[in-house]
Amino acid sequence: VDGAIIGYVVTFDDVTDLLSAQRKAAWSDIARRIAHEIKNPLTPIQLASDRLRRKYTPEDEAAGEQFTEYLSIISRQVEDIGRMVDEFSAFARMPQPAMAPVDLQALVVGQITLFEDDAITLSMVTDDLDASYIVLGDAGLLRQAVLNLIQNGVDSLRESRTKAPRIELGLAHDAGIVTLKIMDNGPGYPDMDRSKLLEPYVTHRAKGTGLGLAIVSKIVQDHAGTLELLDAEEGGACAIIRLGFHEDTGADQ
């Protein structure tokens, strides 16, 4: 019959990525505002603490030690807040990557050396001593991603007071994919939807900002890679980054 409805066409659009991008943009604006407001008083607080230490330490030895300890507590707290502000700032101004060949093995070794004086044992293994682990990426952003994952493991091991704490980084190259695993022997990730931990301001640690993994996720995403959070084989956390292999002999670390 003319004009009769004989059926309907229903379309479904997956807007998950769009909603995630909108949330991250909103959180980025919040992070920028927070960083600006918090950073301003930090420097005068630290300067005032240093001046008190130099000029007003009591002559009495016991009182002087107590006074110094109080100032040390202030300094440590200022450093902790400063680190959080740095994470807020990093998340707020995430730049677009400037792509170039990067030797991921050399980059990882460089980040491990930053923790040489730490009480936590860090090591790296590769699946082939002669293999190449070149990826196309932004060396600065990839360094930040690796650093954040290592620092996340270090903080988790410290907070849990894990005995014989260790972090192992593994590199493998197979079928055109370079895989970086960062594993620790700490308490691991919580039993939850791990993808939620990649969202801004979601954290499983007592002192976490919830931005470290979100920054890593954004960097990996901008490099057309994948980031997966799993349980390590012997317990603990295991973060896996997969990036496309780039065949180029001139790599930039």
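In this predicted model, helix α5 tucks G212, L213, A214, I215, V216, S217, I219 and V220 away as buried residues. That makes 8 of the 11 residues in the helix, which spans 212-222, so α5 is largely enclosed by the rest of the structure. The helix also carries a salt bridge: D222 pairs with K218, and their closest N and O atoms sit 2.7 Å apart. Both partners belong to α5 and are 4 residues apart, about one turn of the helix. D222 is not among the buried residues, because its relative accessible area of 23% makes it partly exposed. Just past α5 comes A224, with a positive phi near 55°.

Zooming out, the protein chain holds 5 helices and 7 strands, running α-α-β-α-β-β-α-β-β-α-β-β along the sequence. Of its 253 residues, 39% count as buried. Contacts lean on sequence-distant partners: among those with a separation of 6 or more, 71% join residues 24 or more positions apart. The chain exposes about 15,200 Å², with carbon and sulfur atoms supplying 53% of that area.

Back to charge pairing. Side chains of opposite charge can pair when their charged atoms come close. The whole structure yields 3 salt bridges, one of them being the D222 and K218 pair already described. Another joins E228 to R242, at 3.1 Å from N to O. This one links distant parts of the chain, with E228 in strand β6 (residues 226-231) and R242 in strand β7 (residues 237-244), 14 residues apart. Both ends are partly exposed, E228 at 31% relative accessibility and R242 at 30%. There is also a bridge between E69 and R76, where the closest N and O atoms are 3.5 Å apart. Here too the partners are partly exposed: E69 has a relative accessible area of 38%, and R76 comes in at 43%.

R242 turns up again in the surroundings of T179, a residue of strand β5 (residues 177-184). Leaving aside residues up to four places away in sequence, T179 touches G170, L171, A172, I240, I241 and R242. T179 counts as buried because its relative accessibility is 15%, below the 20% cut-off.

D174 tells the opposite story. It belongs to strand β4 (residues 166-174) and is exposed, with a relative accessible area of 60%. On the surface, D174 gathers with D127, D128 and D130 in a patch of negative charge.

How values were computed
Residues numbered from 1 in each chain as written. Predicted model: local features only at pLDDT ≥ 70, side-chain atom pairs only at ≥ 80, totals over all residues. Heavy atoms only, no water. Patch = residues over 30% accessible without salt bridge, like charges linked within 9 Å, V, L, I, M, F, W, Y side chains within 5 Å. Areas by Shrake-Rupley, 256 points an atom, 1.4 Å probe, with all protein chains shown as cover. Salt bridge = Lys/Arg side-chain N within 4 Å of Asp/Glu carboxyl O. Lys, Arg positive; Asp, Glu negative; His and termini not counted. Charge placed at Lys NZ, Arg CZ, Asp CG, Glu CD. Helix = DSSP H or I, 4+ residues; strand = E, 2+ residues; numbered from the N terminus. Buried < 20%, exposed > 50% of the residue type's maximum accessible area, 1.4 Å probe, protein only. Contact = heavy atoms within 4.5 Å.
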